[in-house]
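Reader: I would like a close look at a single part of this model, taken slowly and with its surroundings kept in view.

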Amino acid sequence: MHPLSDRLTYLKLAAVTMIWGGTFVAGRYLADRVDPLLAASLRFILASLALLLFMVCARIPLARPDPRQLVRLSVLGFFGIFFYNLCFFYGLHYVNASRASLIVALNPAVIGLASWWLFKERLGVAKVMGIALCLAGAAVVIVSRNPELLHSTASNWRGDVLIFGCVVGWGIYSLFSRELNQSLGPLQTVTWSVLLGTLMLTVLTLFMGRFTAEGLGSLQLPQALSLLYLGVLGSALAYIGYYDGIRRIGATRAGVFIALNPLTAVMCGALLLGEQLTAPMVLGGAVILSGIYLCNKPLAQAKPMGI
């Protein structure tokens, strides 16, 4: 039997990626009503406030990184917060959430290949097959939900390139946190990277003149709730859980859980919006779960570390 903490790590990662499954819907809804740059800034201003409030309530002091750590944290903030969210919100102006989630489903393969190439992480047959099953399952779920997304339009290529930028940014954010996760811990690493990335987004938004009373006035209750979801759940809480998972089981094994994003979106549509749940969707979900199990077999031994 594996320790209970092993199973809790996998449950945590599953919960995190299920939360992220809803961010595409919330982001797409905001993209129709709010300037992308303003939306990205507000999302992470809320995330920063949530993280700092949590640390105050938990009486955890904000660490003082040394200059070398600060440079690494700035890189994480740039790629994981600034670059990722510019690609995310602008990309959703050109493509729908289904097409975007299909592209983002490439994350496990990109993270796995990059881990093998850059850090010489061993990719056994089981891991490769697991990643392939996750990609195939995600494709089945997304395409069966919206077959027309495979038909490109003149503007789709812009959105595709931008959303693939999310994959690149998230891969860097996932892979180049190893040393910081060990020295500072997931909570401090996420908080500092979010604070620095938020600063970058806010400065750019102010410089571009997008932080206006008119822009803030476009935020009605649905948009405000979407921002709260994206900032507090989809950023502050989920980022900590994901980084803690990376520290315990590695970037490749944690990354395959991202394949649950489209499955979560489909299930939410069926439960909350009355959308039809078809047999191919169920089959795709089963393939995703099989891929995650195969990639994570045997379960990695979790280390008794806090956040």
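Which residues make the nonpolar surface patch of about 530 Å²?

Author: This is a predicted model, and the patch in question is made by Leu-221, Leu-225, Leu-228, Val-232, Leu-233 and Leu-237, with an area of about 530 Å². Leu-221 lies in helix α12, which covers residues 221–249. Because its relative accessible area is 60%, and exposed means over 50%, Leu-221 counts as exposed.

Helix α12 also has a part in the interior. The largest nonpolar core has 76 residues, and those with the most contacts inside it are Trp-170, Tyr-239 and Tyr-242; to this core α12 gives the most, with ten residues. If residues up to four places away in sequence are not counted, Tyr-239 touches Trp-170, Tyr-173, Val-190, Val-194 and Gly-234, and on its list are also Trp-20, Arg-43, Phe-44, Gly-80, Ile-81 and Asn-85.

A residue that can be set against the exposed Leu-221 is Ser-177, which is placed in the loop between α8 (156–175) and α9 (178–183). Its relative accessible area is 0%, and since buried means under 20%, Ser-177 is buried. A polar atom of the Ser-177 side chain lies 3.2 Å from the backbone oxygen of Ser-174. Once its neighbours within four places in sequence are left aside, Ser-177 is in contact with Leu-76, Tyr-243 and Ile-246.

Methods. Residues are numbered from 1 along each chain as its sequence is written. This is a predicted model: local features need pLDDT of at least 70, side-chain atom pairs count only at pLDDT 80 or more; totals for chains, interfaces and linings use all residues. Side-chain values use heavy atoms; hydrogens and water are left out. Helices (H or I, at least four residues) and strands (E, at least two) are DSSP runs, numbered from the N terminus. Buried means under 20% relative accessible area, exposed over 50%, partly exposed in between (1.4 Å probe, protein chains only). A polar contact is a pair of N or O atoms within 3.5 Å; within protein, one must be able to donate a hydrogen and the other to accept it, and residues adjacent in sequence count only if both atoms are side-chain atoms. Contact means heavy atoms within 4.5 Å. Patches are made of residues with over 30% relative accessible area and no salt bridge: like charges are joined within 9 Å, nonpolar side chains (Val, Leu, Ile, Met, Phe, Trp, Tyr) within 5 Å. Accessible areas come from the Shrake-Rupley method with a 1.4 Å probe; for residues, only the protein chains shown count as cover. A salt bridge is a side-chain nitrogen of Lys or Arg within 4 Å of a carboxyl oxygen of Asp or Glu. A nonpolar core is a set of buried Ala, Val, Leu, Ile, Met, Phe, Trp, Tyr and Cys residues joined through side-chain atoms within 4.5 Å.
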